[in-house]
Amino acid sequence: MEIILSAAIGILSASGIWLLLRPRSFQVVVGLCLLSYAVNLFIFSMGRLTPGAPPIMPKGGFVDPTRYADPLPQALVLTAIVISFATTALFLVVMIASRGMTGTDHVDGKERSQ
Amino acid sequence: MAEHNLFLLFACLPFATSLILLTLRQTARGAATWLSGLSLVAGLAILAGFLPDIRTGGVLRASGEWVPSLGMNLALRMDGFAWLFATLVLSIGVLVVIYARYYMGSGDSLPRFFALLMAFTGAMQGILISGNVLVMVVFWELTSFMSFLLIGFWHQGAAARDGARTALIITALGGLCLLTAMLMLGQVAGTYDLGIILRSGDAIRAHPWYGAILALFLLGAFTKSAQFPFHFWLPGAMAAPTPVSAFLHSATMVKAGVFLLVRFSPALGGTEAWFFTVTGIGMITLILGAAVALYRHDLKGLLAYSTISHLGLITALAGIGGPVAILAAIFHICNHAVFKASLFMAAGIIDHETGTRDMRRLSGLFRPMPFTATLAIVAAAAMAGVPLLNGFLSKEMFLAEAVDWHNGTWLDEALPYLAVVGSCLSVAYSLRFIATVFFGPQATDLPKAPHEPVAWMRRPVELLVLICLLVGIFPALTLGPIVNAAARSVAGAEMPYYKIAIWHGVNAPLMLSLVALAVGALIYVFSARAIAAGPEGPFLLHRLRAQRVYDWLLFRLTWRLPRLAHGVMSTESLQPQLRLLVLTGVAVAVASLWGGLTLAQELRLHAPNPAFAMLWTVGAACAIGAAWQAKYHRFAALVLLGGAGVVTCLTFAWFSSPDLAVTQLLVEIVTTVLLLLGLRWLPKRRSEIAEDKLMPAKIRRGRDLVIALAGGFGIAAIAFTVMTRPVVSNVGDWFLGNAYYEGGGTNVVNVILVDFRAFDTFGEISVLAIVGLTVYGLLRRFRPAPESVEAPYQQTVDDSPSLDDYLYVPSVLMIWMFPILIMLSGYFFFRGHDLPGGGFAAGVTLAIAFLIQYIATNVRWVEARITVLPIRWMGFGLLIAVSTGMGAWLFGYPFLTAHARYVDIPLIGQVPAATALLFDIGVFATVVGAVVLMLVAIAHQSLRASRMREADELAAAKKEAA
């Protein structure tokens with residue numbers, strides 16, 4: 001499992017980085033989305049993989065922490081998901097505003113040949 | 001104790017007044033004047049109360065805590081010198097306030113002007129009464145800033161802006177030098193306490209840092225007191241309103257530099273280096289200022305250079321540094337403040353009543369304004385050093401020092417001659433001021449017909465001139481004792497009482513004074529005509545201007561050099577920057593992990609599950625596909641991106657984090673819709689971009705592929721290494737163990753978000769709200785590219801009414817989903833504390849409910865039926881979150897402390913009723929508001945585009961008809 005997930009994180013981030021370096025603004029936005037998946041999964045996996053043990057506690061009684069998944073990376077990633085949505089929205093708006101103003105969707109606001 | 005508190009009150013009073021003044025209406029001229037005046041008078045009353053202590057050589061102290069972590073207290077200290085100076089500042093302040101009330105026009109905001117003036121007064125007296133040298137530097141810089149605002153008060157004029165900027169740059173740079181000097185001084189003396197530093201002069205002078213400290217200290221003092229070669233900012237500052245010039249550039253701010261020189265002369269002075277730099281620069285400034293003053297045609301320009309010259313005189317005295325010299329310096333500080341303030345005010349009156357300050361145009365004003373003329377003539381005579389006026393006394397003391405005091409150096413030998421040259425020039429320019437402005441034929445072509453000003457505008461001048469006379473005739477009865485007390489507090493208690501008198505018999509200083517008067521008069525008489533016709537400076541010297549050097553430097557440093565550096569070191573293109581960023585990230589990771597990234601002894605591995613492998617085969621294909629297609633097939637890329645997102649979401653679910661899975665799924669929906677809405681505004685890309693096939697493009701892609709693969713491989717390696725290490729106990733265990741007992745919820749992730757780490761969550765919803773508003777704000781001004789304004793292809797081919805029936809059944813279903821989604825949202829919300837769900841998930845769900853209505857029908861249909869006010873949702877959400885947090889204060893707990901319990905509700909059963917739930921409501925509302933705001937703002941662009949289209953068509957039709 002671990003090897004599959006780390007490979008997945010690698011592929012997601014490689015695709016994301018590749019797109020980040022592309023010239024068209026939509027490519028960059030998609031790249032950022034992919035990169036945010038990769039980073040979220042990366043942070044999440046720092047709490048180790050624990051199938052079948054969500055951090056839902058019994059009401060009262062002794063709690064054995066080793067029996068549950070680590071809740072901290074989950075809490076971090078949860079807000080990260082919402083924030084990455086917000087930044088995606090912001091990039092998107094900057095992207096279409098720049099497109100409206102400059103007439104091109106090149107990230108520099110002008111085509112390379114100009 | 002009462003004295004201690006009064007002292008603190010004294011320090012705070014001007015600042016408090018300034019704050020109150022800012023709240024006044026712009027038209028409340030009378031109230032602003034009374035408030036400022038009374039505040040200054042109250043300050044004077046407190047000072048009067050301190051007088052008995054001060055006269056006997058006492059030192060008042062007070063302190064309040066300020067930055068305890070730095071050991072920096074707001075230590076205050078007042079001795080005779082500070083007392084005298086503060087009295088001077090406040091007294092002239094009162095007069096300036098009265099004068100400004102009548103000088104400033106009805107278009108100027110008097111409350112704002114006085115607020116700045118009061119803040120400046122507070123900063124100025126702060127310098128005087130600081131007991132800690134660092135506090136002193138803070139006030140010192142504050143005066144620079146306030147003077148910037150005051151000089152630039154008429155910021156509509158370019159001259160005022162330039163003058164203000166020059167003054168700020170020069171004095172604030174000097175302030176930084178002074179700060180460094182003070183820090184070094186503190187290191188040498190072992191304390192920042194002013195009193196101790198002043199007493200440890202021997203240790204400071206013997207220290208190897210003495211040279212550096214002296215240089216930096218003098219830079220600070222010279223820039224502030226407009227000493228050569230930094231003098232040029234003062235004439236530029238004459239663009240300020242005249243009350244500001246009268247206050248800042250005669251009595252207070254420029255005197256801060258000489259105050260510092262006199263104050264620190266026991267600690268830093270007494271060496272040859274001190275004497276040569278301070279007296280040398282002082283004498284150069286004295287003569288240069290006086291020489292240029294003679295040639296200036298602008299009335300205020302003449303006074304500004306005269307001020308520079310007199311500051312030079314005081315500096316020179318501080319450089320000599322003996323008890324009598326210190327006393328003379330302090331005495332001249334007072335005298336100069338009095339006559340120069342009155343002259344500035346008189347110049348302001350002339351400007352106000354005639355409309356010009358050009359001395360080539362002004363003439364014969366004695367006839368239309370005899371009172372003002374008399375006052376100005378007496379004040380100018382004091383400036384020239386005519387007997388029976390205060391200026392004569394201190395100037396004679398200066399001449400006496402120049403003649404009597406010796407240390408055997410060449411500069412000492414030259415002092416009397418230089419002093420006489422300066423005095424002659426001073427007489428000449430004073431005479432020029434009197435003769436050209438008030439005598440001769442009456443000018444006829446003035447912008448306004450001159451007449452006497454309103455009586456109250458003249459009162460301050462009358463009072464100041466009266467003081468000139470009183471001090472000049474009865475020096476021993478008026479200023480004598482207190483000047484002695486001030487000098488004693490600087491030079492030491494053993495200093496003998498110096499009796500200031502008018503008549504010392506016929507001696508060298510008196511002869512020199514008379515020579516100066518005679519020669520000065522001759523200079524004026526013989527050169528008057530040439531000066532009036534000539535340029536604004538003595539021959540050759542007017543070509544060599546410090547201002548030009550400054551402009552040249554400023555242009556190089558703030559314009560040419562940055563542009564050059566930008567061209568060399570930066571780029572405006574995004575791709576190289578991002579590439580650099582990624583490469584730096586890779587390099588830093590490699591550098592810090594080199595040799596340290598080893599696998600654990602025993603790998604913590606789970607057996608690979610084929611289904612999971614299949615899942616990520618799809619996920620990886622989606623990710624790579626999205627990367628591949630994003631340029632030419634945006635829609636396909638978007639779908640593939642969604643695929644990768646869904647796989648991510650399933651991964652979260654697989655590894656025990658239902659909360660993340662739910663949130664990811666919901667956010668995935670919103671993101672996809674959002675990007676879909678954005679696609680509409682991008683250019684069509686049906687054909688290949690020509691240069692994509694060329695070699696450079698291929699090379700670029702190859703290079704980026706290598707970078708991407710390196711980055712991806714590195715991240716995968718790190719992830720694998722960490723994932724396979726054994727679990728170490730961490731703070732997560734504490735959260736698991738205490739979620740129920742401390743947070744009152746069984747879903748630990750939610751309890752962390754809304755209780756344990758609620759402050760982080762609060763920060764995050766604030767970010768979300770800010771982003772929402774930013775998106776909204778950016779889109780309000782959005783103008784689409786012309787080619788995107790046309791109706792989309794789908795809407796043009798099929799223009800029949802059947803368009804309304806497009807996807808009819810799905811849209812009906814979607815409309816019906818509305819109540820169900822609202823219920824789902826409520827369900828997510830209420831179970832959140834115990835089971836997967838929570839405010840974030842519930843908020844996004846409700847946003848989707850709204851969103852689906854927009855998709856199913858259209859903007860107009862939805863908005864005719866429901867009104868969503870997303871900004872209010874956000875606002876109330878944040879308010880709820882904040883007030884829940886602040887509610888904890890009522891019970892004496894820190895911000896955002898939560899209380900948890902379960903409540904039995906009939907039929908429903910046990911419900912968690914933690915205050916964290918209230919906080920979660922805030923999170924919920926903010927998320928709903930922000931998400932809906934962003935989506936609706938983008939969706940509305942289509943509506944606007946169709947409106948623009950209709951407007952265009954209408955315009956075209958009109959043109960055709962015409």
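The exercises below work through the fold and backbone of a predicted model.

**Exercise 1.** Decide whether chain B is more spread out or less spread out than a compact globule.

*Solution.*
- Start with the make-up: chain B has 37 helices and four strands.
- Take the radius of gyration, 39 Å.
- Compare: the globule rule gives 30 Å for 962 residues, and 39 Å is well over that, so chain B is more spread out than a compact globule.
- Add the spans: the C-alpha trace covers about 115 × 80 × 65 Å along its principal axes.

**Exercise 2.** Describe burial, contacts and surface in chain B.

*Solution.*
- Burial: 53% of the 962 residues count as buried.
- Contacts: take those between residues at least 6 apart in sequence; 80% of them join residues at least 24 apart.
- Surface: about 42,400 Å² is exposed, with 69% supplied by carbon and sulfur atoms.

**Exercise 3.** Characterise the region that UniProt lists at residues 130-408 of chain B.

*Solution.*
- Name: the unreviewed entry gives "domain: NADH:quinone oxidoreductase/Mrp antiporter transmembrane".
- Content: residues 130-408 of chain B are 77% helix and 0% strand.
- Ends: the end C-alpha atoms are 37 Å apart.
- A backbone detail: a cis peptide bond joins Phe228(B) and Pro229(B), with omega about 0 degrees.
- Its setting: Pro229(B) sits in the loop between α9 (210-224) and α10 (233-236) of chain B.

**Exercise 4.** Is Arg48(A) buried or exposed? Treat Leu388(B) likewise.

*Solution.*
- Arg48(A) has phi near 70 degrees. Its loop runs between α2 (25-45) and α3 (71-102) of chain A.
- The relative accessible area of Arg48(A) is 12%; buried means under 20%, so Arg48(A) is buried.
- Leu388(B) has phi of about 75 degrees. Its loop lies between α16 (370-384) and α17 (390-404) of chain B.
- At 45% relative accessible area, Leu388(B) is partly exposed.

Note on methods:
Residues are numbered from 1 along each chain as its sequence is written. Chains are lettered from A and ligands numbered from 1 in the order in which they are written. This is a predicted model: local features need pLDDT of at least 70, side-chain atom pairs count only at pLDDT 80 or more; totals for chains, interfaces and linings use all residues. Side-chain values use heavy atoms; hydrogens and water are left out. Helices (H or I, at least four residues) and strands (E, at least two) are DSSP runs, numbered from the N terminus. The radius of gyration is taken over C-alpha atoms; the globule rule is 2.2 Å times the number of residues to the power 0.38. Buried means under 20% relative accessible area, exposed over 50%, partly exposed in between (1.4 Å probe, protein chains only). Contact means heavy atoms within 4.5 Å. Accessible areas come from the Shrake-Rupley method with a 1.4 Å probe; for residues, only the protein chains shown count as cover. UniProt positions are given in the numbering used here, feature names are shortened, and annotations may be inferred rather than shown by experiment.
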